[in-house]
Amino acid sequence: MAVILGIESSCDETAVAVIDGAAPTLEQRIVAQRIASQDEAHRPYGGVVPEIAARAHVEVIAPMVAATLADAGIRLDNVDAIAATAGPGLIGGVMVGLVTGKALAMAAGKPLLAINHLEGHALSPRLADPALLYPYLLLLVSGGHCQILEVRALGEYRRLATTIDDALGEAFDKTAKILGLGYPGGPAVERLARAGNDRAVPLPRPLLGTAEPHFSFAGLKSAVMRAHQAGLHSQEDLAASFQRAAIDCVVDRTRRAFALCGPVTALVVAGGVAANAAVRSALQTLAAEFDLSLVAPPPALCTDNAAMIGWAGAERFAMGYSDSLDVAARPRWPLDAGAMPVRGAGVKA
Ligand code: KG4
Ligand code: ZN
């Protein structure tokens with residue numbers, strides 16, 4: 001496998017990485033990587049502001065490419081291809097990274113790989129451990145996405161479930177906002193939950209037990225809001241009870257997905273929420289029910305990063321794929337284009 005320059009800018013992280021797909025260990029596969037978080041810029045607004053995000057990407061991306069190549073001790077000439085996220089995501093940000101990738105590809109005369117951000121998350125466990133074989137069942141849970149996919153092979157994804165309202169990470173973020181914990185809220189809710197009683201606050205488990213393994217978290221978030229306003233429970237108990245309810249939903253939905261998918265080699269969890277230790281531990285128990293192990297990339301590879309984009313590029317490059325320099329940035333880009341729309345699902349950014 002090849003040496004790939006990866007670029008990610010679809011949300012609020014500007015990230016650049018150099019990946020050596022053939023290297024034997026994870027440390028060596030990620031030759032260099034830099035991530036510039038925009039958390040500070042968005043914090044006053046309690047969420048990501050697309051305009052601010054796009055401008056912040058523009059300000060840092062070119063120097064970050066130069067610095068990451070320098071960290072790797074190589075020049076642009078030394079990479080085999082350039083992989084940039086082409087969607088889905090906030091369109092302004094996606095365009096900044098994709099245009100940068102195109103310009104570099106053109107200047108250096110290297111192939112361009114336009115990467116689906118979700119494919120980056122979906123393949124990130126193979127970056128962590130290439131011994132993970134297709135097909136695997138993937139729970140992809142981040143701030144913007146909440147899906148269960150059967151990953152059959154590179155580029156072959158069957159979507160078994162999606163959310164009809166909020167993504168799981170979004171539910172964590174909104175709960176954090178209700179509890180006054182600031183943005184991004186997932187890690188703060190997890191920290192607080194450790195000190196709370198997860199049975200203290202009765203909360204709903206939306207869609208639990210339904211035949212199709214879809215998710216819904218809007219009602220849970222509203223219930224947290226009402227419980228918080230009632231003022232009867234501690235922040236810790238609210239956080240713990242929310243996290244317990246959310247995890248109960250995730251486990252039930254994933255168990256249901258197992259019934260709908262073909263034979264798989266592992267249960268894999270990826271995306272920002274996969275950094276949550278309680279989520280991981282519940283999924284480990286679930287995987288054991290099916291005599292499988294849970295594979296979860298290290299937390300730093302679960303949240304948005306460019307190493308996963310470079311890795312997806314390496315897998316695509318190895319299969320002989322490349323993209324035209326006039327490929328368009330896509331705000332929406334499902335991994336499984338054939339998936340049926342879900343009744344009740346709203347349009348989400
Ligand atoms: O994958 P990611 O970095 O960005 C998206 O593509 O959305 O995921 C970020 C999301 C946020 O909603 C954040 O609150 C959540 O992942 N997250 C967590 C934890 N760490 C990050 N949620 C729960 N527990 C955590 N430890
Ligand atoms: Zn992401």
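Reader: Happy to start with a single residue: is Asp71 buried, partly exposed or exposed?
Author: Good place to begin, with the reminder that this is a predicted model. The relative accessible area of Asp71 is 42%. Buried would need a value under 20% and exposed one over 50%, so Asp71 comes out as partly exposed.

Reader: Which residue forms a salt bridge with Asp71?
Author: The partner has a relative accessibility of 36%, so it too counts as partly exposed. Its closest N and O atoms are 2.7 Å apart from those of Asp71, and the partner is Arg34.

Reader: How many residues apart in sequence are Arg34 and Asp71?
Author: Arg34 sits in strand β3 (residues 30–37), while Asp71 belongs to helix α3 (residues 50–72). The salt bridge therefore ties together parts of the chain whose separation in sequence is 37 residues.

Reader: And what is the N to O distance between Asp77 and Arg75?
Author: Asp77 is partly exposed at 46%, whereas Arg75 is exposed at 56%. Their side chains meet in a salt bridge, with an N to O distance of 2.9 Å.

Reader: Why are Asp248 and Arg244 separated by about one helical turn?
Author: Both residues belong to helix α9, and their side chains meet in a salt bridge at 3.2 Å, N to O. Each is partly exposed, Asp248 at 22% and Arg244 at 22%. The separation is about one helical turn because, within α9, the two are apart by 4 residues.

Reader: Which residues are linked with Arg244 and Asp248 in a network of salt bridges?
Author: The structure holds 18 salt bridges. Some of them join into a network that takes in Arg244 and Asp248 along with Asp198, Arg199 and Arg205.

Reader: Staying in that helix, which backbone oxygen does the side chain of Thr254 reach?
Author: Thr254 is placed in helix α9 (residues 235–260) and counts as buried, since its relative accessibility is 0%. Beyond four places in sequence, Thr254 touches Leu137, Leu139, Ile148, Leu267, Leu283 and Leu286. At 2.6 Å, its side chain reaches the backbone oxygen of Val250.

Reader: Leaving aside neighbours within four places in sequence, what is Gly169 in contact with?
Author: Gly169 lies in helix α6 (residues 168–178). At 6% relative accessibility this glycine counts as buried. Its contacts further along the chain are Ser142, Gly143 and Val273.

Reader: Let's zoom out. How far apart do the C-alpha centres of domain 1 and domain 2 lie?
Author: The domain assignment gives domain 1 as 3–124 + 301–318 and domain 2 as 134–299. The contact takes 21 residues from domain 1 and 21 residues from domain 2. Their C-alpha centres have a separation of 26 Å.

Reader: Which three residues supply 33% of the area that domain 1 buries against domain 2?
Author: The area buried between the two domains is about 1,700 Å², with carbon and sulfur atoms giving 63% of it. On the domain 1 side, more of the buried area comes from one trio than from any other three residues: Leu118, Ala122 and Cys302.

Reader: How many residue pairs are in polar contact across the interface?
Author: Salt bridges do not contribute, as their count between domain 1 and domain 2 is 0. The side of domain 1 that touches domain 2 divides into 9 nonpolar, 6 polar and 6 charged residues. Across the interface, the number of residue pairs in polar contact is 9.

Definitions and conventions: Residues are numbered from 1 along each chain as its sequence is written. Chains are lettered from A and ligands numbered from 1 in the order in which they are written. This is a predicted model: local features need pLDDT of at least 70, side-chain atom pairs count only at pLDDT 80 or more; totals for chains, interfaces and linings use all residues. Side-chain values use heavy atoms; hydrogens and water are left out. Domain bounds come from an automatic or database domain assignment. Contact means heavy atoms within 4.5 Å. Buried area is the accessible area (1.4 Å probe) that two parts lose on being put together, summed over both. A salt bridge is a side-chain nitrogen of Lys or Arg within 4 Å of a carboxyl oxygen of Asp or Glu. A polar contact is a pair of N or O atoms within 3.5 Å; within protein, one must be able to donate a hydrogen and the other to accept it, and residues adjacent in sequence count only if both atoms are side-chain atoms. Ala, Val, Leu, Ile, Met, Phe, Trp, Tyr, Cys and Pro count as nonpolar, Asp, Glu, Lys and Arg as charged, and the others, Gly among them, as polar. Buried means under 20% relative accessible area, exposed over 50%, partly exposed in between (1.4 Å probe, protein chains only).
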